[in-house]
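Please load the model in your viewer and keep the selection box handy. We will walk through it stop by stop, and each stop tells you what to pick and what is there.

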Amino acid sequence: MKVKYFTEFSLKRKYISGDYGGGYMQPTLTFEEIKLRTAELGPQSSVPDLLGEMILQNNLEFALDEKDEIYEAYGRKATAYPYRQQNGYTRELTEKKVKAAVLENTWLKAVFLPEYGGRLWKLWDKEAGRDLLYTNDVLRFSNLAVRNAWFSGGVEWNIGVIGHTPLTAEPLYTAQTETEKGDPVLRMYEYERIRGVVYQMDFWLEKRSRFLNCRMRIVNESARVLPMYWWSNIAVPEYEGGRITVPAESAYTNSNGMVYKVPIPMVKGKDITEYGNIETSVDYFFDIPEKNPKYIFNMDKNGYGLMQISTRRLGSRKLFSWGNSDGSDRWQEFLTEEAGKYLEIQAGLAKTQYGCIPMAPHTAWEWIEQYGAVQLSEETRQMDHEERSKFLTTKIKRKRVPDKLEQMLKNTEEMAKAEAELVWKGNGYGAMEEHGTSVSHLKFEMQEKSLKDWKRFFETGILHCPDPSEVPDEFIITEENLGFLKETISEKNSHNWYAFYHLGIGYFVSEKYKKAKKAFRKSLELKENPWALHGLSCIYLLQEKREKAVSCITKGIALRAEDASYIKEGIRILSFCEAYEEICTIYKSLDKKLRKNNRICFGYINALHKLGKDEKAYKLLEKDGGMILEDIREGEDSIGQLWSELHEKLFKEKAEIPHKYNFKAI
């Protein structure tokens, strides 16, 4: 079932049929390598994510009406466990070859990055000669995702937990199949470990359509109700004089930690759909009435831009703007080289990102998204938001686009469950699970020796026992399999320090801290190891037993004196404990390379300040033109706050935070 381009809005350009040998180019799918200036992701953290990163949506209060039905805080996760933090990157860029899957037809060229969460990196409008998306000129990591590492640009597919997906910098399984009519289909899929679900994304172009088709599918094979989350985050150019159109009259937003509802487009006297009016970083989650089609449109001052539209299940839309303050500009600069400013238009399952929604057991959720170019007439683009929204909504309904999309979803059910030819492999975690008929058409392969060792444990009950000097290979133990590990301890793993360490982790993530403490202590009794010391320090920190937390983590750092990720986590714990003398002692003992690590050095500078050694702290902060804290967290203003306090102490006056340190966009 084809959904035609909206001819009322189409670009008035003559199409030269000879360019494509008879009028329309047959859609193609190719697998290539493209050159990108890219930062190295670096090693993952050596310790499990027990304390978590700050997630802005996880610290909100709500002032909503009884009819709003927002699942406030439902499904929140304090950490990314069992995933590790991806915090070993730097900002250094090198040109390298990156795997790409490319779909192309007469009008569009869509470039995907399977190694990076399947990101739709570019959507090129061949007729207009323009990119419909904001495509960054670099792939540079910053600390915005649930696992830290994140990069801006393209369309990111976020699943599972609130925030940017744990898989945003991970390879996906990549395969190819075809539609009933023979059009090539790009398939990407993976197993998401936190929720324990499989998700599948099928993409294709049709011969006569100007829109990219995206057929999404999430499968809950378990017997449990799961908190579920999905948002397609679409980075688009922040056009001068640009506007967005969405079929809604109100939106949910937040300010000073409070969520509330506002009428749109006028908010505090400014039309927020003309996003140049937005001063600070903000989200607007548009409350689209059930009867309205589900779409959002970003256009430049001439009425040209990207429209995203979907079937009913993906019922929500959002605008995210960094704003137009000094801190906003700093963030925009920090994430790119020369690509300029962007904003995000997003589409999600729930009304907001302030909570997940319940997904029933043994259920599959499916929907279709389409992405394509729209050109409005002069008369239409001069309308105000209300008139333009009504006009577009009426046209979409008259063309029966929502009905056609729903029909397309039904017509492609068989295609979605057909096997596909595997091109590139993803992670082996999906092969650890037993899958039913709902996902039997998807192939998961276990290549990693570490996973094979753990699979052997679940088959035999005997857990391997590595040397404590080695980084733990996997974090597999969750509430679901903790009981099995516990059963094996007395008979088969009674002298295995590694088994007791993982038992402690399992109890920790189940919030059974007393049992976790006992298991970590047993692990240390069997074999001195830095990993159980880290676990104990986290427990003592949560219990506000600072001296014990400090003692454990300093012993752990002594055993991992060359492990940057362990030391960064250790200094973070010591900072929470206000153990500034210990931080300085540890920093001075490190080798030169580790002392240059900016997060480690920043912890030391902050400790100097807390100890009153402000002149030395200021000198270090300003060295070589000023510190760049590569993994500064969204919402974190620590470096600006530190500079401000140091400046006031040393120069006896308050001063405006320099642009280079100003990341306060809110």
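One cut-off comes first: buried means under 20% relative accessible area, exposed means over 50%, and partly exposed is what lies in between. Keep in mind, too, that this is a predicted model.

**Stop 1: a lysine in a loop**

Select K512, which sits in the loop between α8 and α9 (513–526). Is K512 buried, exposed or partly exposed? Its relative accessibility is 42%, so K512 counts as partly exposed. Now add I539 to the selection: K512 and I539 are 27 residues apart in sequence, and their C-alpha atoms are 10.0 Å apart in space.

**Stop 2: the largest pocket**

Next, centre the view on R193, I194, T478, E479 and E480, the residues nearest the centre of the largest pocket. The lining of this pocket comprises 39 residues, and its volume is about 1,400 Å³. To see which elements contribute, colour β15 (226–228), α6 (449–460) and α8 (497–509), as these are the ones that give two or more residues to the lining. The largest share, three residues, comes from α6. If you colour the lining by residue class, you will find 17 nonpolar, eight polar and 14 charged residues.

**Stop 3: helix α16 and its two sides**

Move on to α16, residues 614–622. Which residues of this helix are buried? They are D614, A617, Y618 and L621. These four lie on the same side of α16, because they cover an arc of only 95° around the axis. On the other side of α16, select E615 and K619, which are exposed.

Show α15 (598–610) and α17 (638–651) as well: the buried residues of α16 pack against both. After α16 comes D624, with a positive phi near 55°.

While α15 is on screen, pick N606, which belongs to that helix. N606 has a relative accessible area of 19% and is buried. Leaving out residues up to four places away in sequence, N606 touches Y580 and L642.

**Stop 4: strand β16 and its partners**

Select β16, residues 230–237. Eight of its eight residues are buried, so β16 is largely enclosed by the rest of the structure. Which strands pair with it? One is β10 (residues 155–159), joined to β16 by five bridges and running antiparallel to it. Another is β26, which pairs with β16 in the antiparallel sense over seven bridges.

W231 is a handy residue to click on here. It is the bridge partner of N158, and in β26 the bridge partner of W231 is G348.

From β26 (342–348) you can step to α1, since the buried residues of α1 pack against β26 and also against β8 (142–145). In α1, which spans residues 326–334, the buried residues are G327, S328, R330, W331, Q332 and F334.

**Stop 5: strand β24 and the hairpin**

Now select β24, residues 304–310. Seven of the seven residues are buried, so this strand too is largely enclosed by the rest of the structure. Six bridges join β24 to β23 (residues 294–299), and the two run antiparallel. Within that pairing, M299 has G305 as its bridge partner.

Follow the chain through the hairpin of β23 and β24: four residues lie between the strands, and G303 has a positive phi near 85°. Then add β28 (residues 363–375), which pairs with β24 in the antiparallel sense over seven bridges. Q308 stands opposite Y371 in β28.

**Stop 6: two single residues to finish**

Select S389 in helix α3 (residues 385–398). S389 is buried, at a relative accessible area of 8%. Residues up to four places away aside, S389 touches T245, V246, P247, A248 and Y295.

Last, pick L29 in strand β1 (residues 28–39). L29 is buried, with a relative accessible area of 14%. Which residues does L29 contact beyond its neighbours within four places in sequence? They are A101, V102, L103, Q176, P184, V185 and L186. Draw a distance from L29 to V185: the two are 156 residues apart along the chain, yet their C-alpha atoms are separated by 7.3 Å.

Conventions
Residues numbered from 1 in each chain as written. Predicted model: local features only at pLDDT ≥ 70, side-chain atom pairs only at ≥ 80, totals over all residues. Heavy atoms only, no water. Buried < 20%, exposed > 50% of the residue type's maximum accessible area, 1.4 Å probe, protein only. Arc of directions from axis to C-beta. Contact = heavy atoms within 4.5 Å. 1 Å grid on protein atoms, 1.4 Å probe; cavity = no way out; pocket = protein on both sides within 12 Å on 5 of 7 lines; lining within 4 Å. Points joined across faces, edges and corners; volume = space filled by probe spheres on them. Nonpolar A, V, L, I, M, F, W, Y, C, P; charged D, E, K, R; others polar. Pairing = 2+ DSSP bridges.
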